[in-house]
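Reader: Could we go through this structure together? I should like to begin with the overall architecture and then turn to local details.

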Amino acid sequence: MSPDEAAAPQVKYPFAYDGRWVLRYHVPYSVEHEGRTHRIVATIFAQPSVHGRIQISSAGRPLVEHDDLTPGDTVEITGDPWRVTEVDYRTRIVLERAHA
């Protein structure tokens, strides 16, 4: 590994930037983890109040569903803890790396 590679920030997902990951509404994300591809999709609802859902599947089978997400909630995605910081109706769920 070169010194430049060692100094570069290591991010598990190519979609994370500065420790934050913006999951766009209904945009499927593919994440490689332990040799498997996981599909991650965020949905945001307005009723009874704004809240989100993150669904994780692999090989066409549902694995995990995190529902009723609001800012402050913590979720685990492929072994990593993430904290919900924003839920914007029909736009996005913003996650930041949570420290265990």
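Reader: What does the secondary structure of the protein chain come to?

Author: This is a predicted model. The protein chain has one helix and nine strands. Read from the N terminus, the order of the elements is α-β-β-β-β-β-β-β-β-β.

Reader: And how many of the 100 residues count as buried, as a percentage?

Author: The buried share is 32% of the 100 residues of the protein chain. The protein chain exposes about 6,400 Å², and 49% of that area is supplied by carbon and sulfur atoms.

Reader: What share of the contacts with a separation of 6 or more comes from residues 24 or more positions apart?

Author: Such residues account for 32% of those contacts in the protein chain.

Reader: Turning to the aromatics, how many pairs does a search of the whole structure find?

Author: The search finds two aromatic pairs. One of them joins W21 and Y29: the ring centres are 6.1 Å apart and the planes stand at 85°, so this pair is edge-to-face. The other joins W21 and W82, with centres 5.5 Å apart and planes at 55°, so that pair is tilted.

Reader: Where do W21 and W82 lie?

Author: W21 belongs to strand β2 (residues 20-24) and W82 to strand β8, so their pair ties together parts that are 61 residues apart in sequence. Ring pairs link W21, Y29 and W82 into a cluster.

Reader: Is W21 buried or exposed, and what about its partners?

Author: W21 is buried, at a relative accessible area of 0%. W82 is also buried, with 0% relative accessibility, and Y29 is buried with a relative accessible area of 9%.

Reader: Now the backbone. Which peptide bond is cis?

Author: The bond from Q47 to P48 is cis, with omega near 0°. P48 sits in the loop between β4 (36-45) and β5 (51-58). For context, most peptide bonds are trans, and most residues other than glycine have a negative phi.

Reader: On that second point, what is the phi of E34?

Author: Phi of E34 is near 50°, a positive value in a residue other than glycine. E34 lies in the loop between β3 (29-33) and β4. T78 likewise has a positive phi, of about 45°, although T78 is not a glycine. T78 is in the loop between β7 (74-77) and β8 (80-88).

Reader: Is T78 buried or exposed? And E34?

Author: T78 is buried, because its relative accessible area of 12% falls under the 20% cut-off. E34, by contrast, counts as exposed, because its relative accessibility of 72% is over 50%.

Terms used. Residues are numbered from 1 along each chain as its sequence is written. This is a predicted model: local features need pLDDT of at least 70, side-chain atom pairs count only at pLDDT 80 or more; totals for chains, interfaces and linings use all residues. Side-chain values use heavy atoms; hydrogens and water are left out. Helices (H or I, at least four residues) and strands (E, at least two) are DSSP runs, numbered from the N terminus. Buried means under 20% relative accessible area, exposed over 50%, partly exposed in between (1.4 Å probe, protein chains only). Contact means heavy atoms within 4.5 Å. Accessible areas come from the Shrake-Rupley method with a 1.4 Å probe; for residues, only the protein chains shown count as cover. Rings of Phe, Tyr and Trp (its six-membered ring) pair if their centres lie within 6.5 Å; planes under 30 degrees apart count as stacked, over 60 as edge-to-face and the rest as tilted.
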